[in-house]
Amino acid sequence: QVQVVESGGGLVQPGGSLRLSCTASGSRFSINVMSWYRQAPGKQRELVARITTDYGTMYADSVKGRFTISRDNAKNMAYLQMNSLKPEDTAVYYCKADRLGDTYWGQGTQVTVSS
């Protein structure tokens, strides 16, 4: 069973930065795709960024140029560097790991952007 755990959330002022980390443990095999999603109060969960095993990436239009996703394949970890944060980035951020057709979600980490 794969367990996914996020960390690094918190309170930051507009224009600030945060770095989220995601660890997928319990897998003998590499995680194929690691993704970050977010869900703001009263809104649907949305894809923020995704990275494949060979480091192919995609981003939501709303975060392009501000967020960067990366990963460490040897450790089955993914990161989300978030710069120039805006109040509208406030949400619970979730990590999703896809492996061999199965999907695993973390419990989420709160990111609040406020002055």
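Buried means under 20% relative accessible area, exposed means over 50%, and partly exposed lies in between. The exercises below use a predicted model.

**Exercise 1.** Decide whether Y94 and W105 are buried, partly exposed or exposed.

*Solution.* Step 1: Y94 has a relative accessible area of 13%. This value is under 20%, so Y94 is buried. Step 2: W105 has 35% relative accessibility, so W105 counts as partly exposed.

**Exercise 2.** Classify the ring pair of Y94 and W105, and place both residues in the chain.

*Solution.* Step 1: A pair of aromatic rings is described by the distance of the centres and the angle of the planes. Step 2: The structure holds 2 aromatic pairs. In the pair of Y94 and W105, the ring centres are 6.4 Å apart and the planes stand at 80°. Step 3: Planes over 60 degrees apart count as edge-to-face, so this pair is edge-to-face. Step 4: Y94 belongs to strand 9 and W105 to strand 10 (residues 102–105), with their positions 11 residues apart in the numbering. Step 5: Together with Y37, these two residues form one aromatic cluster. R45 lies over the face of Y94, at 3.7 Å from the ring centre.

**Exercise 3.** Find which strands stand at the edges of the open sheet with the order 1-3-8-7.

*Solution.* Step 1: The sheet has 4 strands with antiparallel pairing. Step 2: Strand 1 (3–7) and strand 7 each have a single partner strand, so they stand at the edges. Step 3: Strand 3 is joined to strand 8 by 6 bridges. S21 has Y79 in strand 8 as its bridge partner. Step 4: R19 lies over the face of Y79, at 4.1 Å from the ring centre.

Terms used. Residues are numbered from 1 along each chain as its sequence is written. This is a predicted model: local features need pLDDT of at least 70, side-chain atom pairs count only at pLDDT 80 or more; totals for chains, interfaces and linings use all residues. Side-chain values use heavy atoms; hydrogens and water are left out. Two strands pair if DSSP finds at least two bridges between them. Helices (H or I, at least four residues) and strands (E, at least two) are DSSP runs, numbered from the N terminus. Rings of Phe, Tyr and Trp (its six-membered ring) pair if their centres lie within 6.5 Å; planes under 30 degrees apart count as stacked, over 60 as edge-to-face and the rest as tilted. Buried means under 20% relative accessible area, exposed over 50%, partly exposed in between (1.4 Å probe, protein chains only). A charge sits over a ring if NZ of Lys or CZ of Arg is within 6 Å of the ring centre and within 35 degrees of the ring normal.
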